[in-house]
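The following exercises concern the architecture of one protein chain. Each consists of a task sentence and a solution that proceeds step by step.

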Amino acid sequence: QMRKLLAMVVSAALAATVALSASASSGTVFTRGDEKFVPNAMIQSTLRFSPGGVNASTGQTLTWTHADQTEAPHTVTIVDQADLPASIDEVFECPVCGAALDAHFAGGLNPVVNAGAPGLDQPGDSLFFFAGESISAEVSAAAGTTLNYLCAIHPWMQGSITVG
(Lines give C-alpha, C1' and ligand atoms only; values in the text may rest on other atoms or scores of the structure.)
Protein backbone atom coordinates (compact mmCIF):
# COMPACT_ATOMS: atom_id res chain seq x y z
CA GLN A 1 0.00 0.00 0.00
CA MET A 2 2.73 2.43 1.00
CA ARG A 3 4.68 1.80 -2.23
CA LYS A 4 1.55 2.34 -4.28
CA LEU A 5 0.87 5.64 -2.48
CA LEU A 6 4.49 6.73 -2.93
CA ALA A 7 4.34 5.87 -6.64
CA MET A 8 1.17 7.93 -7.02
CA VAL A 9 2.73 10.92 -5.22
CA VAL A 10 5.90 10.73 -7.35
CA SER A 11 3.80 10.44 -10.54
CA ALA A 12 1.73 13.46 -9.57
CA ALA A 13 4.85 15.48 -8.80
CA LEU A 14 6.40 14.55 -12.15
CA ALA A 15 3.20 15.43 -13.99
CA ALA A 16 3.11 18.83 -12.25
CA THR A 17 6.75 19.46 -13.15
CA VAL A 18 6.12 18.56 -16.79
CA ALA A 19 3.02 20.79 -16.87
CA LEU A 20 4.96 23.74 -15.45
CA SER A 21 7.81 23.17 -17.90
CA ALA A 22 5.35 22.98 -20.78
CA SER A 23 3.78 26.28 -19.72
CA ALA A 24 7.14 27.99 -19.51
CA SER A 25 8.41 26.62 -22.81
CA SER A 26 5.13 27.31 -24.63
CA GLY A 27 5.46 31.02 -23.90
CA THR A 28 2.30 31.23 -21.82
CA VAL A 29 2.17 32.68 -18.30
CA PHE A 30 -1.00 32.32 -16.25
CA THR A 31 -2.33 34.37 -13.37
CA ARG A 32 -3.21 32.10 -10.46
CA GLY A 33 -4.66 32.47 -6.98
CA ASP A 34 -7.48 34.22 -5.18
CA GLU A 35 -8.20 37.01 -2.72
CA LYS A 36 -9.98 36.94 0.63
CA PHE A 37 -11.24 39.85 2.75
CA VAL A 38 -12.64 39.59 6.27
CA PRO A 39 -13.58 43.00 7.73
CA ASN A 40 -11.63 43.93 10.83
CA ALA A 41 -9.56 40.76 10.56
CA MET A 42 -7.68 39.99 7.36
CA ILE A 43 -6.75 40.70 3.77
CA GLN A 44 -5.21 37.73 1.99
CA SER A 45 -4.05 37.37 -1.58
CA THR A 46 -2.43 34.41 -3.28
CA LEU A 47 -2.37 36.12 -6.70
CA ARG A 48 0.77 35.34 -8.69
CA PHE A 49 2.21 34.76 -12.16
CA SER A 50 2.81 31.10 -13.00
CA PRO A 51 5.45 30.33 -13.91
CA GLY A 52 7.18 33.27 -12.26
CA GLY A 53 10.20 33.13 -14.53
CA VAL A 54 10.27 32.32 -18.23
CA ASN A 55 12.96 32.03 -20.87
CA ALA A 56 12.36 33.63 -24.26
CA SER A 57 14.25 34.50 -27.39
CA THR A 58 14.34 37.92 -29.01
CA GLY A 59 11.36 38.01 -31.37
CA GLN A 60 9.38 35.36 -29.46
CA THR A 61 5.79 36.14 -28.54
CA LEU A 62 4.74 35.56 -24.94
CA THR A 63 1.13 35.36 -23.76
CA TRP A 64 -0.33 36.16 -20.33
CA THR A 65 -3.69 34.53 -19.55
CA HIS A 66 -6.04 35.59 -16.75
CA ALA A 67 -6.65 32.24 -15.01
CA ASP A 68 -7.00 33.26 -11.35
CA GLN A 69 -10.18 33.16 -9.29
CA THR A 70 -10.81 36.93 -9.35
CA GLU A 71 -12.47 39.39 -11.71
CA ALA A 72 -9.62 41.87 -11.17
CA PRO A 73 -7.62 43.06 -14.20
CA HIS A 74 -3.84 42.70 -14.27
CA THR A 75 -0.85 44.33 -15.90
CA VAL A 76 2.50 43.02 -17.04
CA THR A 77 4.67 46.06 -16.38
CA ILE A 78 8.41 45.96 -17.07
CA VAL A 79 10.38 47.60 -14.24
CA ASP A 80 13.96 47.91 -13.08
CA GLN A 81 14.82 45.19 -10.58
CA ALA A 82 15.34 47.87 -7.90
CA ASP A 83 11.69 48.95 -8.36
CA LEU A 84 10.23 45.53 -7.50
CA PRO A 85 8.48 45.88 -4.13
CA ALA A 86 10.12 43.73 -1.46
CA SER A 87 7.90 44.60 1.52
CA ILE A 88 4.29 45.45 2.36
CA ASP A 89 5.20 49.13 2.65
CA GLU A 90 6.78 49.07 -0.81
CA VAL A 91 3.70 47.33 -2.26
CA PHE A 92 1.47 50.17 -1.04
CA GLU A 93 3.96 52.88 -2.05
CA CYS A 94 4.82 51.65 -5.55
CA PRO A 95 5.66 54.73 -7.68
CA VAL A 96 6.24 52.73 -10.90
CA CYS A 97 2.78 51.19 -10.45
CA GLY A 98 1.06 54.58 -10.44
CA ALA A 99 3.02 55.70 -13.48
CA ALA A 100 2.11 52.51 -15.37
CA LEU A 101 -1.60 52.85 -14.59
CA ASP A 102 -1.52 56.53 -15.60
CA ALA A 103 -0.01 55.51 -18.95
CA HIS A 104 -2.69 52.83 -19.47
CA PHE A 105 -5.50 55.34 -18.86
CA ALA A 106 -4.06 58.44 -20.57
CA GLY A 107 -6.80 59.54 -22.99
CA GLY A 108 -8.79 56.31 -22.52
CA LEU A 109 -7.75 52.70 -22.05
CA ASN A 110 -4.44 51.80 -23.68
CA PRO A 111 -3.98 48.03 -23.29
CA VAL A 112 -0.41 48.20 -24.66
CA VAL A 113 2.08 50.84 -23.55
CA ASN A 114 5.50 50.97 -25.21
CA ALA A 115 8.05 53.15 -23.47
CA GLY A 116 10.27 52.99 -26.55
CA ALA A 117 10.26 50.62 -29.49
CA PRO A 118 7.38 48.17 -29.92
CA GLY A 119 7.55 45.00 -27.83
CA LEU A 120 8.86 44.21 -24.38
CA ASP A 121 12.36 45.61 -24.06
CA GLN A 122 12.57 48.25 -21.34
CA PRO A 123 11.05 49.60 -18.12
CA GLY A 124 7.76 51.34 -18.78
CA ASP A 125 6.50 48.79 -21.30
CA SER A 126 3.21 47.47 -20.00
CA LEU A 127 0.27 45.25 -20.96
CA PHE A 128 -3.22 45.51 -19.40
CA PHE A 129 -5.76 42.68 -19.51
CA PHE A 130 -9.10 41.78 -17.93
CA ALA A 131 -10.62 38.63 -16.43
CA GLY A 132 -11.27 36.00 -19.08
CA GLU A 133 -8.71 37.54 -21.44
CA SER A 134 -5.21 36.87 -22.66
CA ILE A 135 -2.72 39.38 -24.01
CA SER A 136 0.42 38.74 -26.05
CA ALA A 137 3.54 40.72 -26.84
CA GLU A 138 6.77 40.15 -28.67
CA VAL A 139 9.99 40.19 -26.66
CA SER A 140 12.16 42.78 -28.40
CA ALA A 141 14.94 42.96 -25.79
CA ALA A 142 18.41 41.81 -26.76
CA ALA A 143 19.73 38.38 -25.82
CA GLY A 144 21.36 38.42 -22.39
CA THR A 145 18.71 40.77 -20.96
CA THR A 146 16.52 39.97 -17.97
CA LEU A 147 13.21 41.81 -17.95
CA ASN A 148 11.63 42.05 -14.49
CA TYR A 149 7.91 42.70 -14.35
CA LEU A 150 5.03 43.12 -11.93
CA CYS A 151 1.31 43.71 -11.94
CA ALA A 152 0.83 47.43 -11.29
CA ILE A 153 -2.53 46.64 -9.64
CA HIS A 154 -1.17 43.82 -7.44
CA PRO A 155 2.58 44.61 -7.13
CA TRP A 156 3.39 41.43 -5.18
CA MET A 157 2.69 39.59 -8.44
CA GLN A 158 6.17 39.53 -9.97
CA GLY A 159 7.95 37.66 -12.71
CA SER A 160 10.93 37.76 -15.02
CA ILE A 161 11.78 37.08 -18.63
CA THR A 162 15.31 35.85 -19.32
CA VAL A 163 16.11 36.63 -22.95
CA GLY A 164 18.43 34.14 -24.57
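**Exercise 1: the open sheet**

Four strands, in the order β4-β1-β6-β10, form an open sheet with mixed pairing. Work through this sheet strand by strand, beginning at its edges.

*Solution.* β4 (48-50) and β10 (134-138) stand at the edges with a single partner strand each, so one side of each lacks a neighbour in the sheet. From one strand to the next, the twist averages 25°; the angle is taken between N-to-C directions, on a scale from 0 to 180 degrees, of axes that are lines fitted to C-alpha atoms. The model is a predicted one, in which local features need pLDDT of at least 70, side-chain atom pairs count only at pLDDT 80 or more, and totals for chains, interfaces and linings use all residues. Residues are numbered from 1 along each chain as its sequence is written, and side-chain values use heavy atoms, with hydrogens and water left out.

Strands here are DSSP runs (E, at least two residues) and helices likewise (H or I, at least four), numbered from the N terminus; two strands pair if DSSP finds at least two bridges between them. The steps across the sheet are these:

1. Strand β1 (residues 28-32) runs antiparallel to β4 and is joined to it by 3 bridges. Phenylalanine 30 has serine 50 in β4 as its bridge partner.
2. β1 pairs with β6 in the parallel sense over 4 bridges, and threonine 31 stands opposite histidine 66 in β6.
3. β6 pairs with β10 in the antiparallel sense over 5 bridges, where leucine 62 stands opposite alanine 137 in β10.

**Exercise 2: threonine 65**

Is threonine 65 buried or exposed, and which residues does threonine 65 touch?

*Solution.* First, locate the residue: threonine 65 lies in strand β6. Of the 6 residues of this strand (residues 61-66), 5 are buried. Next, apply the cut-offs: buried means under 20% relative accessible area, exposed over 50%, and partly exposed in between, with a 1.4 Å probe and protein chains only. Threonine 65 has 17% relative accessibility and therefore counts as buried.

Finally, list the contacts (heavy atoms within 4.5 Å). Leaving aside residues up to four places away in sequence, threonine 65 touches Thr28, Val29, Phe30, Thr31, Phe129, Glu133 and Ser134. Serine 134 is 69 residues from threonine 65 in sequence, yet their C-alpha atoms are 4.2 Å apart.

**Exercise 3: the faces of β5**

Which side chains of β5 point to one face and are buried, and which point to the other?

*Solution.* Begin with the general rule: in a regular strand, side chains alternate between the two faces of the sheet. In strand β5 (residues 53-56), Val54 and Ala56 point to one face and are buried, whereas Gly53 and Asn55 point to the other and are not. Then identify the partner: β5 pairs with strand β12 (residues 158-163) in the parallel sense over 4 bridges. Alanine 56 stands opposite valine 163 in β12.

**Exercise 4: the chain as a whole**

Summarise the composition and burial of the chain, and state how far apart in sequence its contacts lie.

*Solution.* The protein chain contains 3 helices and 12 strands. Of its 164 residues, 36% count as buried. Among contacts with a separation of 6 or more, 62% are between residues 24 or more positions apart.
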